[in-house]
Amino acid sequence: DGQWHSVQVQYYNKPNIGRTGIPHGPSGEKVAVVTVDDCDTAVAIQFRNEVENYTCAAQGTQTGSKKSLDLTGPLLLGGVPNLPEDFPVRNRQFVGCMRSLTIDSKP
C-alpha cells in the first residue's frame with residue numbers, strides 16, 4: 001500500500017494451565033503471534049470473524065517436542081537467496097523496505 005508499517009512477532013511456549021487455573025510450566029504447544037501497526041492484538045485474534053476488516057493480527061500454534069524457535073540457521077527477512085524449490089519457504093514474493101529492525105529490543 002506504499003505506507004510504512006510496524007510489525008511485531010512474538011513466539012512463546014503456551015503455559016500448562018492446571019485444574020485450579022494456575023499456570024505450571026510450559027505445555028507442548030508453541031504460539032506465534034504477528035501484529036501490524038497499532039492493533040489491539042487480543043481483540044483482533046478473538047473477534048477477527050466478528051469485527052469487519054479487523055485483521056491486523058494473526059496467531060498460529062505448533063505442537064511437538066521442540067521447546068523453542070530454532071534459529072540456528074540463517075534468519076531471512078525481506079527476501080531469500082536462490083533456494084531449491086523444495087526448501088520450506090511459503091512466500092517468496094516480498095516487495096518493500098525495512099527499517100529500524102530490532103530483535104529482543106536490540107537494534
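Leu-101 lies in the segment after E3. In this predicted model, the residue is partly exposed, having a relative accessible area of 45%. Leu-101 belongs to a nonpolar patch on the surface, which is formed together with Leu-77, Met-98 and Ile-103. The accessible area of these four residues amounts to about 360 Å² together. Leu-101 can take part in such a patch because its relative accessible area of 45% is over the 30% that a patch residue must have.

Ser-100 is likewise placed in the segment after strand E3, the strand that covers residues 57–63. The phi angle of Ser-100 is near 55°, which is a positive value in a residue other than glycine. A negative phi is found in most residues other than glycine. With a relative accessibility of 69%, Ser-100 counts as exposed, since the class begins over 50%.

The chain as a whole provides the setting for these residues. One helix and three strands are present in the chain, and from the N terminus on the elements follow the order β-β-α-β. The chain has 107 residues, of which 9% count as buried. About 9200 Å² of the chain is exposed, and carbon and sulfur atoms supply 51% of this area. Among the contacts in the chain with a separation of 6 or more, 41% are accounted for by residues 24 or more positions apart.

The confidence of the prediction was also examined. The average pLDDT of the chain is 79, and 81% of the residues score at least 70. Confidence is highest in helix H1, residues 41–47, at a mean of 89. It is lowest in strand E2, residues 23–36, where the mean is 83.

The loop between E2 and H1 contains Asp-37. Phi of Asp-37 is near 60°, again a positive value in a residue other than glycine. Asp-37 is partly exposed, as its relative accessible area is 35%; this value falls between the limits of 20% and 50% that bound the class.

A further feature of this loop is a cysteine that takes part in a disulfide. The count of disulfides comes to one. Cys-39 is joined to Cys-56, with a distance of 2.0 Å from S to S. A disulfide is a covalent bond between the sulfur atoms of two cysteines. The link of Cys-39 and Cys-56 is right-handed, with 60° about the S-S bond. Cys-39 lies in the loop between E2 and H1, whereas Cys-56 lies in the loop between H1 and E3, so the pair ties together parts that are 17 residues apart in sequence. Both cysteines, Cys-39 and Cys-56, are buried.

Strand E3 was considered through one of its residues, Gly-60. Gly-60 is partly exposed, with a relative accessible area of 33%. When its neighbours within four places in sequence are left aside, Gly-60 is in contact with Lys-30, Val-31 and Ala-32. The C-alpha atoms of Gly-60 and Val-34 are 8.8 Å apart in space, while the two residues are 26 residues apart in sequence.

Terms used:
Residues numbered from 1 in each chain as written. Predicted model: local features only at pLDDT ≥ 70, side-chain atom pairs only at ≥ 80, totals over all residues. Heavy atoms only, no water. pLDDT = per-residue confidence, 0-100. Helix = DSSP H or I, 4+ residues; strand = E, 2+ residues; numbered from the N terminus. Buried < 20%, exposed > 50% of the residue type's maximum accessible area, 1.4 Å probe, protein only. Contact = heavy atoms within 4.5 Å. Areas by Shrake-Rupley, 256 points an atom, 1.4 Å probe, with all protein chains shown as cover. Disulfide = S-S within 2.5 Å. Patch = residues over 30% accessible without salt bridge, like charges linked within 9 Å, V, L, I, M, F, W, Y side chains within 5 Å. Salt bridge = Lys/Arg side-chain N within 4 Å of Asp/Glu carboxyl O.
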